[in-house]
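Welcome to a short tour of a protein fold. Take a moment to turn the structure around before reading on.

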Amino acid sequence: MATASHSNKRYLPLARRGASKHLIFSTMQKEDAVKLWGHPTTFKDIADLFQKFCSSQLSALPWSDQPVLTETSVISEQLARINALGFLTINSQPAVNGIRSNDKMFGWGPSNGYVYQKAYLEFFASPELLDSLITHIERDPGTTYYVINKRGDLRTNTTSDGPNAVTWGVFPGKEVVQPTIVEAISFMAWKVLQFHTSAMGTRSLTIALQDEAYELGYQWAKVYEAGSPSRKLISGIMDNALLVNIVHNDFHDQNKIFEPFFRLEEELSAKAANGHAVNGNGLAN
């Protein structure tokens, strides 16, 4: 799960850094991967790995070839909680409201400026679990989301085809700079979510997010022997999971994006307390 790098490629996980495809697997021996990620046999084992990564206890995931950066520390507890619920996060950024551009954690661009960013999450989730979450998300008009499956079927609550700036900066003598925007273009036809990113708005990058995100999961499964419990588990998750990105458009509130998850957490806890079984994906039976 990548976060700010203060370069010309910002907030992009491995699948969107312009690196060669499956870089982490081309540079990592199978035995090293197994040593890093073990032999997961349950969904909880997978969720635990994601939790450890968010808490800087794990150095890499298939979707990120480097540890989370410093800014993730301000939301690491929230990320760990939603991963425990069954939402496997592969990218995130916290909201930032007018921090100086020379700030050591969030700053970028020329000096004497101010930078902003909207809270953003990207994750895999089972269709059933996501349906429960969407019920809570749609109560907040400040949240926009895209959901896609392996076939490229799209679900969204936005009617706009225009770009949504998720980072921007205001600097002396310059127009507002928008180094990272989220823009869905021909999403249904091409199964592409386009991210245009540059340090000062001069370079663009178009990435086939959906195909690459799933393929990295399948590459992880292939680390394990054919027919093994670990390969079956990871392949099964990729076969059924939906890929989701969420932006909360109120950059004044760092916690708003997490509130639907926590309301769902309370709902599931109440069901469990009332005797309803909860399966490995956090869903009440």
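Of the 285 residues of this protein, 51% count as buried. What you see is a predicted model, and the protein has nine helices and ten strands. Its accessible surface comes to about 12600 Å², with 49% of that belonging to carbon and sulfur atoms. Among contacts with a separation of 6 or more, 65% are between residues 24 or more positions apart.

## The five-stranded sheet

A good place to start is the open sheet, where five strands follow the order β1-β4-β10-β5-β6 with antiparallel pairing. Its edges are β1 (88-93) and β6 (154-156); each has a single partner strand, so one side of each is left without a neighbour in the sheet. On average, and ignoring direction, neighbouring strands of this sheet are turned by 15° against each other.

At one edge, β1 is joined by five bridges to β4 (residues 119-125), and these two strands run antiparallel. Within this pairing, T89 has F123 of β4 as its bridge partner.

Now move to β5, residues 143-148. Five of its six residues are buried, so β5 is largely enclosed by the rest of the structure. Six bridges connect β5 to β10 in an antiparallel arrangement, while three bridges link β5 to β6, also in the antiparallel sense. I148 is a handy landmark here: it stands opposite L243 in β10, and its bridge partner in β6 is L154. β5 and β6 form a hairpin with five residues between them, and in the turn G152 has a positive phi of about 95°.

## Helices around the sheet

Which strands does helix α5 lie across? Helix α5 (residues 127-137) lies across β4, β5, β6 and β10 (242-248), and it runs at about 20° to β10.

Helix α4 (76-85) is mostly covered, with seven of its ten residues buried. Those residues are S76, Q78, L79, A80, I82, N83 and L85. What covers them includes α3, β1, β4, α5 and α9 (259-273). So α5 has a part both in lying across the sheet strands and, because it is among the elements covering α4, in the surroundings of that helix. 

## Unusual backbone angles

Most residues other than glycine have a negative phi, and most peptide bonds are trans. Here are some positive phi values to look for:

| Residue | Phi | Where |
|---|---|---|
| S56 | about 65° | loop between α3 (43-54) and α4 (76-85) |
| N112 | near 65° | loop between β2 (96-100) and β3 (114-117) |
| G86 | near 115° | follows α4 |
| G152 | about 95° | turn between β5 and β6 |

Neither S56 nor N112 is a glycine. Is S56 buried or exposed? At 54% relative accessibility, S56 counts as exposed.

## A patch on the surface

Finally, look at the outside of the protein. Y114, V170 and V176 form a nonpolar patch there, and together they have about 250 Å² of accessible area. V170 belongs to strand β7 (residues 164-170). With a relative accessible area of 37%, V170 is partly exposed.

Key: Residues numbered from 1 in each chain as written. Predicted model: local features only at pLDDT ≥ 70, side-chain atom pairs only at ≥ 80, totals over all residues. Heavy atoms only, no water. Pairing = 2+ DSSP bridges. Helix = DSSP H or I, 4+ residues; strand = E, 2+ residues; numbered from the N terminus. Axes fitted to C-alpha atoms, helices over the stretch in contact; angles between N-to-C directions. Contact = heavy atoms within 4.5 Å. Patch = residues over 30% accessible without salt bridge, like charges linked within 9 Å, V, L, I, M, F, W, Y side chains within 5 Å. Areas by Shrake-Rupley, 256 points an atom, 1.4 Å probe, with all protein chains shown as cover. Salt bridge = Lys/Arg side-chain N within 4 Å of Asp/Glu carboxyl O. Buried < 20%, exposed > 50% of the residue type's maximum accessible area, 1.4 Å probe, protein only.
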